[in-house]
Amino acid sequence: MDLQTLAAHLGLDLLAVTLLTFAVFYPRHHRRELVPAYLALNVALFSVVAALSEAKGGGLALGFGLFGVLSIVRLRSDAVRHQEVAYYFTTLVLGLLCGLPGLSLPSAAGLAAVLLLVMYVSDHPRLYARDRRAVVTLDAVYRDEGALRAELERRVGRPLGWTVHEVDFVRDLMVLEVRFRQPELTEGSRPFTRSTSARTTTTTTSRPAARLS
């Protein structure tokens, strides 16, 4: 890959990862600590792919090098949510696509545009806007599924599904992770508001993590 082609592919990669990070991810999730991680991971993978493409052995060196790089990437499921894992893999694939020497610039640009479009649509805030997830602690052990469903609907909204994490017969409690649909706001209900001396700010919680009892 000559210097001019390398610069064009690098420019495409930086444009794609910048759009993904600053136009899609950060405005929706506001996880500032993940922004440098996405950028560094993308540019690092692009650099590795571009460097290995010039090494002797060609495809064999590239394959073993990529295997070594990707094998050290560890994503802890308890610290990173599923949406953020999707952004991790998208940044990886963008760096890989733009750094491959055998892929033309128009082809890389087209595939990168497809990836950006998929992430923009699949993680859009209006898609399943009322679906929520919460960890709920109940002060009773429910053996009947119908009774449990009715209790969850009374507390959080219509349950779409749940996973039981703990059942304690001694303390008579259950801990569940509940996926539910938030009820629509009625005339007498209002979203959470926070007032200051200068202005009033309305904040809607998108993913509550409170423990309810």
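Leu111 sits in helix α5, residues 105–122 (helices here are DSSP runs of H or I, at least four residues, numbered from the N terminus). With a relative accessibility of 41%, Leu111 counts as partly exposed, a label that covers what falls between buried, under 20% relative accessible area, and exposed, over 50%, using a 1.4 Å probe and protein chains only. Leaving aside residues up to four places away in sequence, Leu111 touches Leu97 and Leu103, where contact means heavy atoms within 4.5 Å. Val93 is 18 residues from Leu111 in sequence, and their C-alpha atoms are 9.8 Å apart.

A word on the model: it is a predicted one, in which local features need pLDDT of at least 70 and side-chain atom pairs count only at pLDDT 80 or more, while totals for chains, interfaces and linings use all residues. Residues are numbered from 1 along each chain as its sequence is written, and side-chain values use heavy atoms, with hydrogens and water left out.

Now for how α5 meets α1. Their axes come within 11 Å and cross at roughly 5° (axes are lines fitted to C-alpha atoms, for helices over the stretch in contact, with angles from 0 to 180 degrees between N-to-C directions). That makes α1 roughly parallel to α5, as angles under 35 degrees count as roughly parallel and those over 145 as roughly antiparallel. On the α1 side the contact includes Ala8, Leu12, Leu20 and Arg28, and on the α5 side Leu105, Ala112 and Tyr120 are among the residues met. By type, this contact divides into 13 nonpolar residues, 1 polar and 1 charged.

Helix α1 (residues 3–29) also packs on α2 (residues 35–53), at an angle of about 160° and with axes 10 Å apart. The two are therefore roughly antiparallel. Among the residues that meet are Leu6, Asp13, Val17 and Phe25 from α1, and Tyr38, Asn42 and Phe46 from α2. Here the split is 13 nonpolar, 3 polar and 1 charged.

What about the core? The largest nonpolar core (buried Ala, Val, Leu, Ile, Met, Phe, Trp, Tyr and Cys residues joined through side-chain atoms within 4.5 Å) has 16 residues, of which Leu20, Tyr38, Tyr87 and Leu94 touch the most other members. Helices α1, α2, α4 (82–99) and α5 each chip in at least two residues of this core. Apart from it lies another core of 12 residues, including Val136, Val141, Leu152 and Trp162. Back at Leu94, its contacts beyond four places in sequence are Asp13, Ala16, Val17, Leu20, Asn42, Ala112, Leu115 and Leu116.

Technical notes: Angles under 35 degrees count as roughly parallel, over 145 as roughly antiparallel, 65 to 115 as roughly perpendicular and the rest as oblique. Ala, Val, Leu, Ile, Met, Phe, Trp, Tyr, Cys and Pro count as nonpolar, Asp, Glu, Lys and Arg as charged, and the others, Gly among them, as polar.
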